[in-house]
Amino acid sequence: MTLDAMVEARDHGVDPDYVGGLEEAGFDRLTIEQLIHARDHGVDGAYVSGMGRAGYTKSTLDELVRARDHGVDESYARKMQKLHGKIELDELDLDARPRRGLSLLDGSTKHPRAPLPEPGG
């Protein structure tokens, strides 16, 4: 690894503790680019382990990053599984659920970011 790569990694918060956490969670052969990408998106060893406890033990790093970007965490995954049974990780994505007919935690299928109806309409 070059000095520039080490500095860039450190600038993004990738340090030995961060790398160790991901290694303990099962991601032990990541490139610097993958480490930086994961760190920038909030995926760390604790997140990976939590999602593993929720049943997502074979998820790729990219799948976990996408889930994290869409607000999916262990607690949310478990709540959705309680409502719908076994759910694939990509089905927990806020954008995919309504298209697949899964209800939100409140029982609706309306996308949470859908525009509000026009007043009087």
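## Q34 and its contacts

Setting aside residues up to four places away in sequence, Q34 touches two partners, R29 and L61. This is a predicted model, and in it Q34 sits in helix α3. The C-alpha atoms of Q34 and L61 are 8.2 Å apart, although 27 residues separate the pair in sequence.

There's a polar side to Q34 as well: its side chain reaches the backbone nitrogen of T31 at 2.8 Å. As for exposure, Q34 counts as partly exposed because its relative accessibility is 32%, between the 20% and 50% cut-offs.

## The nonpolar core

Now for the inside. The largest nonpolar core takes in 26 residues, and the ones with the most contacts inside it are M51, Y56, V72, L89 and L92. Helices α2 (16-24), α3 (32-40), α4 (45-53), α5 (61-69) and α6 (74-84) each give two or more residues to this core.

Y56 is worth a look on its own. Leaving out neighbours within four places in sequence, Y56 is in contact with M51, A77, Q81, K86, I87, E88, L89 and L92. Among those partners, M51, L89 and L92 also belong to the residues with the most contacts inside the core.

## One cavity

Searching the whole structure for cavities of 30 Å³ or more turns up just 1, with a volume of about 60 Å³. Its lining is made up of E63, R66, A67, H70, L89, D90 and D93. Sorted by class, that's 4 charged residues, 2 nonpolar and 1 polar. L89 shows up here in the lining as well as in the core.

Terms used
Residues are numbered from 1 along each chain as its sequence is written. This is a predicted model: local features need pLDDT of at least 70, side-chain atom pairs count only at pLDDT 80 or more; totals for chains, interfaces and linings use all residues. Side-chain values use heavy atoms; hydrogens and water are left out. A nonpolar core is a set of buried Ala, Val, Leu, Ile, Met, Phe, Trp, Tyr and Cys residues joined through side-chain atoms within 4.5 Å. Buried means under 20% relative accessible area, exposed over 50%, partly exposed in between (1.4 Å probe, protein chains only). Helices (H or I, at least four residues) and strands (E, at least two) are DSSP runs, numbered from the N terminus. Contact means heavy atoms within 4.5 Å. A polar contact is a pair of N or O atoms within 3.5 Å; within protein, one must be able to donate a hydrogen and the other to accept it, and residues adjacent in sequence count only if both atoms are side-chain atoms. On a 1 Å grid over the protein atoms alone, a cavity is a set of points where a 1.4 Å probe fits but cannot get out, and a pocket is an open set with protein on both sides within 12 Å along at least five of seven lines; lining residues have an atom within 4 Å of a point. Grid points are joined across faces, edges and corners, and a volume is the space filled by probe spheres set on the points. Ala, Val, Leu, Ile, Met, Phe, Trp, Tyr, Cys and Pro count as nonpolar, Asp, Glu, Lys and Arg as charged, and the others, Gly among them, as polar.
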